[in-house]
Amino acid sequence: MAEKGSIVAGFLAPHPPHLVYGENPERNIPRSQGGWEVLRWAYGNCREKIKQLKPDVIVVHSPHWQTIVGHHFLHVPKLKGLSVDPIFPHLFRYRYDMEVDMELSDACYEEAIAEGLVAKKMSNPGFRVDYGTIVPLHLLNPEWDIPVLGISANNSPYFFSTRVGQEEMIKLGHATRRAIEKTGRRAVLAASNTLSHLHFDREPDLPEDMSQEHIFNHDQYQWDMRLLNMMRAGKADELMQILPEFIDTTASEVKAGSLAWMMAAMEFPKIPAKVHGYWTVIGTGNAVVEWDLANRAVAAGGR
Ligand SMILES: [Fe+2]
(Lines give C-alpha, C1' and ligand atoms only; values in the text may rest on other atoms or scores of the structure.)
Protein backbone atom coordinates (compact mmCIF):
# COMPACT_ATOMS: atom_id res chain seq x y z
CA MET A 1 0.00 0.00 0.00
CA ALA A 2 1.44 3.35 -1.06
CA GLU A 3 2.36 5.96 1.50
CA LYS A 4 0.61 9.19 2.26
CA GLY A 5 1.35 12.07 -0.09
CA SER A 6 1.35 10.01 -3.26
CA ILE A 7 -0.64 9.23 -6.38
CA VAL A 8 -1.91 5.67 -5.89
CA ALA A 9 -3.43 5.24 -9.35
CA GLY A 10 -4.20 7.11 -12.54
CA PHE A 11 -7.03 6.36 -14.93
CA LEU A 12 -7.69 7.36 -18.50
CA ALA A 13 -11.38 7.95 -17.88
CA PRO A 14 -13.52 8.90 -20.90
CA HIS A 15 -16.66 10.91 -20.32
CA PRO A 16 -19.30 10.26 -23.01
CA PRO A 17 -22.61 10.90 -21.21
CA HIS A 18 -23.87 7.75 -22.96
CA LEU A 19 -22.05 5.65 -20.35
CA VAL A 20 -24.03 7.14 -17.46
CA TYR A 21 -27.22 7.04 -19.55
CA GLY A 22 -26.63 3.32 -20.29
CA GLU A 23 -26.29 2.57 -16.59
CA ASN A 24 -29.57 4.17 -15.46
CA PRO A 25 -28.41 5.50 -12.10
CA GLU A 26 -31.08 7.19 -10.01
CA ARG A 27 -29.21 10.51 -10.19
CA ASN A 28 -29.61 10.69 -13.99
CA ILE A 29 -33.13 11.57 -15.16
CA PRO A 30 -33.28 9.98 -18.68
CA ARG A 31 -33.88 6.21 -18.86
CA SER A 32 -32.23 3.76 -21.28
CA GLN A 33 -32.28 0.11 -22.28
CA GLY A 34 -28.51 -0.12 -21.58
CA GLY A 35 -25.72 -0.01 -24.15
CA TRP A 36 -21.92 0.49 -24.29
CA GLU A 37 -21.53 -2.35 -21.75
CA VAL A 38 -17.90 -3.11 -22.57
CA LEU A 39 -16.86 0.36 -21.41
CA ARG A 40 -19.18 0.32 -18.41
CA TRP A 41 -17.82 -3.05 -17.30
CA ALA A 42 -14.29 -1.67 -17.74
CA TYR A 43 -15.20 1.14 -15.36
CA GLY A 44 -16.60 -1.54 -13.01
CA ASN A 45 -13.08 -2.99 -12.67
CA CYS A 46 -11.78 0.45 -11.74
CA ARG A 47 -14.48 0.87 -9.08
CA GLU A 48 -13.31 -2.34 -7.45
CA LYS A 49 -9.73 -1.11 -7.52
CA ILE A 50 -10.67 2.21 -5.95
CA LYS A 51 -12.53 0.41 -3.18
CA GLN A 52 -9.34 -1.52 -2.41
CA LEU A 53 -7.11 1.56 -2.60
CA LYS A 54 -9.35 3.74 -0.40
CA PRO A 55 -7.92 7.04 -1.68
CA ASP A 56 -8.47 10.36 0.12
CA VAL A 57 -9.43 12.17 -3.07
CA ILE A 58 -10.15 11.72 -6.78
CA VAL A 59 -8.72 14.53 -8.91
CA VAL A 60 -10.19 14.98 -12.39
CA HIS A 61 -9.13 17.22 -15.28
CA SER A 62 -12.04 17.96 -17.62
CA PRO A 63 -11.93 19.17 -21.26
CA HIS A 64 -15.48 20.48 -20.89
CA TRP A 65 -14.80 22.94 -18.10
CA GLN A 66 -13.02 25.32 -20.42
CA THR A 67 -11.40 28.42 -19.00
CA ILE A 68 -10.03 31.13 -21.25
CA VAL A 69 -7.59 32.59 -18.71
CA GLY A 70 -5.58 30.18 -16.61
CA HIS A 71 -6.15 26.87 -14.83
CA HIS A 72 -9.03 26.85 -12.36
CA PHE A 73 -9.60 24.58 -9.36
CA LEU A 74 -12.98 23.87 -7.77
CA HIS A 75 -13.01 25.69 -4.44
CA VAL A 76 -16.45 25.36 -2.85
CA PRO A 77 -16.76 22.80 -0.01
CA LYS A 78 -20.01 21.29 -1.33
CA LEU A 79 -21.32 21.55 -4.87
CA LYS A 80 -24.82 20.37 -5.58
CA GLY A 81 -27.10 20.84 -8.59
CA LEU A 82 -28.34 19.57 -11.92
CA SER A 83 -25.79 19.16 -14.70
CA VAL A 84 -27.13 19.03 -18.27
CA ASP A 85 -25.04 18.02 -21.26
CA PRO A 86 -25.60 20.78 -23.83
CA ILE A 87 -25.15 18.38 -26.78
CA PHE A 88 -27.01 15.40 -25.32
CA PRO A 89 -29.61 16.80 -22.90
CA HIS A 90 -31.85 13.82 -23.70
CA LEU A 91 -29.14 11.51 -22.29
CA PHE A 92 -27.63 13.42 -19.38
CA ARG A 93 -29.46 15.46 -16.78
CA TYR A 94 -27.62 14.47 -13.63
CA ARG A 95 -28.19 15.48 -10.01
CA TYR A 96 -24.74 15.83 -8.50
CA ASP A 97 -23.73 16.33 -4.90
CA MET A 98 -19.98 16.41 -4.30
CA GLU A 99 -17.54 17.26 -1.55
CA VAL A 100 -14.50 19.22 -2.72
CA ASP A 101 -11.06 18.73 -1.13
CA MET A 102 -10.46 22.38 -0.23
CA GLU A 103 -6.99 21.92 1.27
CA LEU A 104 -5.76 20.16 -1.86
CA SER A 105 -7.41 22.84 -4.00
CA ASP A 106 -5.46 25.53 -2.10
CA ALA A 107 -2.24 23.57 -2.48
CA CYS A 108 -2.77 22.99 -6.22
CA TYR A 109 -3.41 26.70 -6.71
CA GLU A 110 -0.23 27.64 -4.80
CA GLU A 111 1.91 25.11 -6.66
CA ALA A 112 0.49 26.16 -10.04
CA ILE A 113 1.46 29.76 -9.28
CA ALA A 114 4.91 28.57 -8.15
CA GLU A 115 5.20 26.77 -11.50
CA GLY A 116 4.62 30.11 -13.28
CA LEU A 117 1.09 29.27 -14.45
CA VAL A 118 -1.94 31.53 -14.35
CA ALA A 119 -4.34 29.95 -11.84
CA LYS A 120 -7.59 30.70 -10.03
CA LYS A 121 -9.78 29.13 -7.35
CA MET A 122 -13.39 28.67 -8.51
CA SER A 123 -15.34 29.90 -5.47
CA ASN A 124 -18.80 30.53 -6.99
CA PRO A 125 -21.25 28.43 -4.88
CA GLY A 126 -23.79 28.40 -7.73
CA PHE A 127 -21.30 27.02 -10.26
CA ARG A 128 -22.76 24.34 -12.58
CA VAL A 129 -20.33 21.40 -12.77
CA ASP A 130 -19.77 20.07 -16.31
CA TYR A 131 -20.40 16.52 -17.53
CA GLY A 132 -16.71 16.03 -18.36
CA THR A 133 -16.04 16.26 -14.62
CA ILE A 134 -19.11 14.34 -13.44
CA VAL A 135 -19.16 11.34 -15.80
CA PRO A 136 -15.73 9.90 -14.81
CA LEU A 137 -16.37 10.67 -11.14
CA HIS A 138 -19.71 8.86 -11.25
CA LEU A 139 -18.30 5.88 -13.15
CA LEU A 140 -15.27 5.57 -10.84
CA ASN A 141 -17.23 6.08 -7.61
CA PRO A 142 -21.03 6.22 -7.98
CA GLU A 143 -21.44 6.45 -4.20
CA TRP A 144 -19.69 9.85 -4.22
CA ASP A 145 -18.25 9.03 -0.79
CA ILE A 146 -14.72 10.19 -1.62
CA PRO A 147 -13.87 13.93 -1.84
CA VAL A 148 -13.02 15.24 -5.29
CA LEU A 149 -11.10 18.04 -6.94
CA GLY A 150 -12.02 19.27 -10.40
CA ILE A 151 -9.49 21.10 -12.59
CA SER A 152 -10.46 23.13 -15.65
CA ALA A 153 -9.01 22.89 -19.15
CA ASN A 154 -7.25 26.08 -20.09
CA ASN A 155 -7.70 26.89 -23.75
CA SER A 156 -4.03 27.55 -24.49
CA PRO A 157 -3.69 24.66 -27.00
CA TYR A 158 -6.33 26.39 -29.10
CA PHE A 159 -4.65 29.82 -28.89
CA PHE A 160 -1.04 28.74 -29.37
CA SER A 161 -0.09 25.29 -30.60
CA THR A 162 -0.69 21.72 -29.52
CA ARG A 163 2.91 21.39 -28.37
CA VAL A 164 2.86 24.59 -26.29
CA GLY A 165 -0.44 23.54 -24.74
CA GLN A 166 0.89 20.11 -23.79
CA GLU A 167 4.02 21.69 -22.26
CA GLU A 168 1.81 23.85 -20.06
CA MET A 169 -0.15 20.79 -18.97
CA ILE A 170 3.09 19.07 -17.99
CA LYS A 171 3.79 22.01 -15.65
CA LEU A 172 0.28 21.65 -14.22
CA GLY A 173 0.98 17.95 -13.65
CA HIS A 174 4.18 18.74 -11.73
CA ALA A 175 2.26 21.29 -9.63
CA THR A 176 -0.50 18.77 -8.89
CA ARG A 177 1.99 16.16 -7.80
CA ARG A 178 3.74 18.55 -5.39
CA ALA A 179 0.36 19.61 -3.95
CA ILE A 180 -0.56 15.97 -3.31
CA GLU A 181 2.78 15.36 -1.59
CA LYS A 182 2.50 18.54 0.47
CA THR A 183 -1.01 17.74 1.73
CA GLY A 184 -0.25 14.08 2.42
CA ARG A 185 -3.13 12.89 0.25
CA ARG A 186 -3.39 9.42 -1.24
CA ALA A 187 -4.83 10.51 -4.56
CA VAL A 188 -6.39 8.90 -7.60
CA LEU A 189 -6.12 10.90 -10.83
CA ALA A 190 -8.58 10.80 -13.72
CA ALA A 191 -7.79 12.15 -17.19
CA SER A 192 -11.26 12.74 -18.61
CA ASN A 193 -10.47 12.10 -22.28
CA THR A 194 -11.58 10.08 -25.23
CA LEU A 195 -8.86 9.13 -27.71
CA SER A 196 -9.74 9.55 -31.44
CA HIS A 197 -12.59 11.99 -31.71
CA LEU A 198 -14.02 12.08 -35.22
CA HIS A 199 -17.67 11.07 -34.82
CA PHE A 200 -21.02 10.57 -36.52
CA ASP A 201 -23.41 13.51 -36.70
CA ARG A 202 -26.66 11.51 -36.88
CA GLU A 203 -28.06 9.71 -33.88
CA PRO A 204 -30.19 6.55 -34.21
CA ASP A 205 -33.84 6.84 -33.12
CA LEU A 206 -32.85 4.76 -30.12
CA PRO A 207 -29.47 6.21 -28.98
CA GLU A 208 -28.50 2.91 -27.32
CA ASP A 209 -29.14 0.85 -30.48
CA MET A 210 -25.80 -0.94 -30.49
CA SER A 211 -26.29 -2.22 -34.03
CA GLN A 212 -25.44 1.37 -35.06
CA GLU A 213 -22.31 1.75 -32.94
CA HIS A 214 -18.95 1.19 -34.63
CA ILE A 215 -15.58 2.82 -35.27
CA PHE A 216 -15.63 5.99 -37.35
CA ASN A 217 -12.85 4.83 -39.68
CA HIS A 218 -9.97 2.39 -39.78
CA ASP A 219 -7.25 5.06 -39.53
CA GLN A 220 -8.64 6.35 -36.24
CA TYR A 221 -8.83 2.84 -34.87
CA GLN A 222 -5.24 2.12 -35.88
CA TRP A 223 -4.07 5.30 -34.13
CA ASP A 224 -5.95 4.39 -30.96
CA MET A 225 -4.39 0.94 -30.94
CA ARG A 226 -0.94 2.45 -31.48
CA LEU A 227 -1.39 4.61 -28.37
CA LEU A 228 -2.90 1.84 -26.27
CA ASN A 229 -0.07 -0.53 -27.17
CA MET A 230 2.43 2.10 -25.99
CA MET A 231 0.54 2.40 -22.71
CA ARG A 232 0.42 -1.39 -22.30
CA ALA A 233 4.17 -1.56 -22.92
CA GLY A 234 4.94 1.21 -20.40
CA LYS A 235 6.39 3.45 -23.13
CA ALA A 236 5.49 6.76 -21.50
CA ASP A 237 8.19 8.80 -23.22
CA GLU A 238 7.27 7.54 -26.69
CA LEU A 239 3.62 8.21 -25.89
CA MET A 240 4.35 11.83 -25.00
CA GLN A 241 6.42 12.27 -28.17
CA ILE A 242 3.62 11.07 -30.40
CA LEU A 243 0.75 12.92 -28.71
CA PRO A 244 0.86 16.10 -30.87
CA GLU A 245 0.72 14.06 -34.11
CA PHE A 246 -2.04 11.88 -32.67
CA ILE A 247 -4.04 14.96 -31.69
CA ASP A 248 -3.68 16.59 -35.09
CA THR A 249 -4.51 13.40 -37.00
CA THR A 250 -7.52 12.18 -35.02
CA ALA A 251 -8.96 15.47 -33.67
CA SER A 252 -8.32 13.88 -30.29
CA GLU A 253 -9.78 15.37 -27.16
CA VAL A 254 -6.41 14.68 -25.56
CA LYS A 255 -5.63 18.13 -26.98
CA ALA A 256 -7.34 19.63 -23.93
CA GLY A 257 -4.38 18.33 -21.94
CA SER A 258 -5.86 15.89 -19.44
CA LEU A 259 -3.62 12.99 -20.43
CA ALA A 260 -0.41 15.07 -20.53
CA TRP A 261 -1.33 16.51 -17.10
CA MET A 262 -1.83 13.06 -15.61
CA MET A 263 1.28 11.52 -17.18
CA ALA A 264 3.41 14.38 -15.83
CA ALA A 265 1.84 14.14 -12.37
CA MET A 266 2.64 10.41 -12.38
CA GLU A 267 6.21 11.20 -13.51
CA PHE A 268 5.76 9.44 -16.86
CA PRO A 269 5.56 5.94 -15.36
CA LYS A 270 7.41 3.20 -17.21
CA ILE A 271 5.09 0.51 -15.88
CA PRO A 272 2.66 -1.32 -18.15
CA ALA A 273 -0.78 0.21 -17.98
CA LYS A 274 -3.82 -2.03 -17.90
CA VAL A 275 -6.42 -1.46 -20.61
CA HIS A 276 -9.72 -2.47 -19.04
CA GLY A 277 -11.75 -1.88 -22.18
CA TYR A 278 -11.99 -0.06 -25.51
CA TRP A 279 -15.03 0.73 -27.57
CA THR A 280 -16.60 3.51 -29.57
CA VAL A 281 -19.29 6.00 -28.60
CA ILE A 282 -20.88 7.67 -31.66
CA GLY A 283 -17.70 6.57 -33.44
CA THR A 284 -15.16 8.16 -31.04
CA GLY A 285 -12.47 5.91 -29.55
CA ASN A 286 -12.78 5.42 -25.79
CA ALA A 287 -10.45 3.44 -23.55
CA VAL A 288 -10.54 2.88 -19.81
CA VAL A 289 -6.91 2.49 -18.74
CA GLU A 290 -5.28 2.11 -15.33
CA TRP A 291 -1.78 2.90 -14.09
CA ASP A 292 -1.41 1.06 -10.79
CA LEU A 293 1.16 3.18 -8.97
CA ALA A 294 0.40 1.79 -5.50
CA ASN A 295 1.67 -1.56 -6.72
CA ARG A 296 4.31 -0.10 -9.02
CA ALA A 297 6.92 -2.76 -8.20
CA VAL A 298 4.48 -5.57 -9.01
CA ALA A 299 3.37 -3.84 -12.22
CA ALA A 300 6.98 -3.29 -13.33
CA GLY A 301 7.47 -7.06 -13.14
CA GLY A 302 4.99 -7.41 -16.00
CA ARG A 303 1.41 -8.53 -16.23
FE1 LIG B 1 -15.90 15.32 -24.61
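Q: How far does helix H3 (residues 102-114) reach from its first C-alpha to its last, and what is expected at 1.5 Å a residue?
A: In this predicted model, the 13 residues of H3 reach 18 Å. The expected span is 1.5 Å times one less than the number of residues. For H3 that gives 18 Å, so the helix is close to its expected span.

Q: Which residues of H3 are buried, and what makes them count as buried?
A: They are Leu104, Ser105, Ala107, Cys108, Tyr109, Glu111 and Ala112. A residue earns the word if 20 or more other C-beta atoms lie within 10 Å of its own.

Q: What do the buried residues of H3 pack against?
A: They pack against strands E2 (57-67), E3 (71-74), E6 (119-122) and E7 (148-154), and also against H6.

Q: What comes just after H3?
A: Glycine 116 does, with a positive phi of about 90 degrees.

Q: Why are H3 and H6 called oblique to each other?
A: Their axes come within 8 Å and cross at roughly 135 degrees. Over 145 would be roughly antiparallel, and 65 to 115 roughly perpendicular. The angle fits neither range, so H3 and H6 are oblique. H3 passes H6 in a right-handed crossing.

Q: Which residues of H3 and H6 meet?
A: On H3 they are Glu103, Leu104, Ala107, Cys108, Glu111, Ala112 and Ala114. On H6 they are Leu172, Ala175, Thr176, Arg178, Ala179, Lys182 and Thr183.

Q: How far does H6 (residues 162-183) reach, and what is expected?
A: H6 has 22 residues and reaches 32 Å from its first C-alpha to its last. That is close to the 32 Å expected at 1.5 Å a residue. Its buried residues include Gly165, Met169, Leu172, Gly173 and Ile180. Glycine 184 follows H6, and its phi is positive, near 70 degrees.

Q: What makes H6 oblique to helix H8 (residues 236-250)?
A: The two axes come within 10 Å and cross at roughly 125 degrees. This angle lies above 115 and is not over 145, so H6 is oblique to H8. The contact is made by Thr162, Arg163 and Gln166 of H6 and by Leu243, Pro244, Ile247 and Asp248 of H8. H6 passes H8 in a right-handed crossing.

Q: Why does tryptophan 36 count as buried or exposed?
A: Tryptophan 36 has 25 C-beta neighbours inside 10 Å. The cut-off for buried is 20 or more, so tryptophan 36 is buried. It is found in the loop between helix H1 (17-23) and helix H2 (37-53). Its phi is near 55 degrees, a positive value in a residue other than glycine.

Q: Why is alanine 251 called partly exposed?
A: Alanine 251 has 15 C-beta neighbours inside 10 Å. Exposed needs 12 or fewer and buried needs 20 or more, so alanine 251 is partly exposed. It lies in the loop between H8 and H9. Alanine 251 has a positive phi of about 55 degrees, although it is not a glycine.

Q: How many residues does the largest nonpolar core have, and which have the most contacts inside it?
A: The core has 83 residues. Phe11, Ile58, Leu149, Ala190 and Val288 have the most contacts inside it. Helix H9 (residues 258-265) gives the largest share of this core, seven residues.

Q: What does phenylalanine 11 touch, not counting residues up to four places away in sequence?
A: It touches Cys46, Leu140, Val188, Ala190, Val288, Val289 and Glu290.

Terms used
Residues numbered from 1 in each chain as written. Predicted model: local features only at pLDDT ≥ 70, side-chain atom pairs only at ≥ 80, totals over all residues. Core = buried A, V, L, I, M, F, W, Y, C linked by C-beta atoms within 7 Å. Helix = DSSP H or I, 4+ residues; strand = E, 2+ residues; numbered from the N terminus. Contact = placed C-beta atoms within 7 Å. Axes fitted to C-alpha atoms, helices over the stretch in contact; angles between N-to-C directions. Parallel < 35°, antiparallel > 145°, perpendicular 65-115°, else oblique. Left-handed = near helix turned anticlockwise from the far one by under 90°.
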